[in-house]
Number of protein chains: 2
Amino acid sequence: MISPYAEPSLMKTPLYRQIQASLKEKITSGVYEEGGLLPSENELCIEFNATRMTVRQALNELVREGYITRQHGKGSTVSASRKSLGLLSLKGWTEVVVASDRHGKTLVLEGPVLRKLEDTAFKPLIDNENHEEFIFFKRLRLVEDSPVMYEHTYIPNENLPNFIKEPLLEGSLFRTLLIKYQIDVQSMTQEVRAVAADKETANLLKIKQKSPVLHLLRKYKTSIDGFFLYSSIYCNTEKFAISSFN
Amino acid sequence: MISPYAEPSLMKTPLYRQIQASLKEKITSGVYEEGGLLPSENELCIEFNATRMTVRQALNELVREGYITRQHGKGSTVSASRKSLGLLSLKGWTEVVVASDRHGKTLVLEGPVLRKLEDTAFKPLIDNENHEEFIFFKRLRLVEDSPVMYEHTYIPNENLPNFIKEPLLEGSLFRTLLIKYQIDVQSMTQEVRAVAADKETANLLKIKQKSPVLHLLRKYKTSIDGFFLYSSIYCNTEKFAISSFN
DNA sequence: ATTATTCTGTTGTCTATACAAGTTGTATAA
DNA sequence: TTATACAACTTGTATAGACAACAGAATAAT
């Protein structure tokens, strides 16, 4: 496996996933504008040459991801991008910030480098697999030039040839995994705590030491069985809240 | 409307909701034990006299609510009750604590009483409706006799005759709404922050003032259109984390 | 003018069927 | 004993169609 990109995806993606991706693309790019109605299910059936059940499956996924809401007898409405920096479900940083119309930046403070997972906090999230090596990131994320999140990311060093050598596509990890490696991040579990900021975190987030920060321990499930991503995230929630739904 | 309970539900609940409820009941009561397999889709089809699509809709809902996981080619597995006091999605306090096999108690510190909503923090969650009066609770929730959550609940004073006069069924708000009033809590949105505990909260949660606590602002959607519940929750996450998934 | 009623288009629920694809155990062959 | 192949089971994807329930606009009745 020398090719810079992974093998072109021969595994055919299901039709409903294609529809889902297509609609998502049109929503985030503004073709379907916020607050507006999507085409009706029957129209989508014609557009994608699919049955209503298939179209509905795509739409239900978009509801689950928070892109649309639906109303009986009316239609599917494009959700307003969450006002309080919705760090919801699957959405990676880049996507969220773009969608919420704020100016976001990501600084890579360290990495990507190979290292072992020493953070014991992850133990309860990791089930059986004992991965040897991880690709490690330290990133600081800013909104309108004020630091909001400090994140440590661990990715098992498998399935990702040349990952370390090349920059992220558009600065987005999720997007890079999807485009270059056909790895789709599908869901997430997390543990949430409120903790006092330690010295490093406080400095980076420009807050006082010991002030309350949100601590998220995340495990992302991907389209590759047994391949997970792990993140430990400290959030300054003075200006922005983390919003979620279910 | 003098009858103590709401009219017997004449609105027929969809078949998939019935299946969903039946399976949920069997899971929480232990008929299907944790880590075990549910009957296959085809078996459930026979049991409930439904087609696979209908059964699958029920199963998908249970996945969304975190009761089961599914694996292609294998079956539906009953999820282990989340180790870290999973305060996930829709589950009310009672249900979570029972499921997680911990000894939980709820103290009603104040209420239910009628009052207006003065907490300005809810403003961003409330869209259009200006409810006049709310049924208000102050509750403290304990796990193994140590206080973990301090919660303010606001329920619009509509659709709930005699609510204040009678105790909650099995101490559970959600269960009371479902059984007595046929109101099903279906989903939730929330904003999450880390804040410093004020004096009252610190005292109740038995922690030091200004120590970090999790603050959750929740809006619950119900089966009645336009009828929402609101909660402001402070959590001590020293011992327990809030876990969620999506 | 206002209020009902009807109509049309939408999403919600459900049936019946088919084939694809993953998992597991069993039988067979090396 | 160890592979290999197969069979039987599971869930995943998809088609085609039907009727119910809801929203909103157009129409008819008052």
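## Two protein chains on two DNA strands

Let's start at a phosphate: in this predicted model, one of the phosphate oxygens of DNA strand D is 2.8 Å from an N or O atom in the side chain of B:Arg56. Such a pair is a polar contact, meaning N or O atoms within 3.5 Å; within protein, one must be able to donate a hydrogen and the other to accept it, and residues adjacent in sequence count only if both atoms are side-chain atoms.

Residues are numbered from 1 along each chain as its sequence is written, with chains lettered from A and ligands numbered from 1 in the order in which they are written. Local features need pLDDT of at least 70, side-chain atom pairs count only at pLDDT 80 or more, totals for chains, interfaces and linings use all residues, and side-chain values use heavy atoms, with hydrogens and water left out.

**Strand D.** The bases of strand D are reached too, by A:His72 and by B:Arg52. Here are polar contacts to both strands:

| Protein side | DNA side | Distance |
|---|---|---|
| A:His72 side chain | base nitrogen, strand D | 2.9 Å |
| B:Arg52 side chain | base nitrogen, strand D | 2.8 Å |
| A:Arg70 side chain | phosphate oxygen, strand C | 3.0 Å |
| B:Leu15 backbone | phosphate oxygen, strand C | 2.3 Å |
| B:Gln71 side chain | phosphate oxygen, strand C | 3.3 Å |

Around strand D there are 26 residues, with A:Leu15, A:Thr54, A:His72, B:Arg52 and B:Arg56 coming nearest; a residue is near a strand if one of its heavy atoms lies within 4 Å of it. Of the strand D atoms within 4 Å of the protein, 71% belong to sugar or phosphate and the rest to bases. H3(A) gives the largest share of this surface, four residues (helices are DSSP runs of H or I with at least four residues, strands are E runs of at least two, numbered from the N terminus).

**Strand C.** This strand also has 26 residues around it, and the closest are A:Glu41, A:Arg52, A:Arg56, B:Leu15 and B:Thr54. Sugar and phosphate make up 67% of the strand C atoms that come within 4 Å of the protein. Here H3(B) supplies the largest share of the surface, four residues.

**How the copies relate.** Turn chain B by 180° with 0.0 Å of shift along the axis and it superposes on chain A at RMSD 0.1 Å, fitted by least squares on C-alpha atoms of residues with pLDDT of at least 70 in both. That is the relation of a two-fold axis. The same surface serves both copies, as 100% of chain B's contact residues recur in chain A, where contact means heavy atoms within 4.5 Å.
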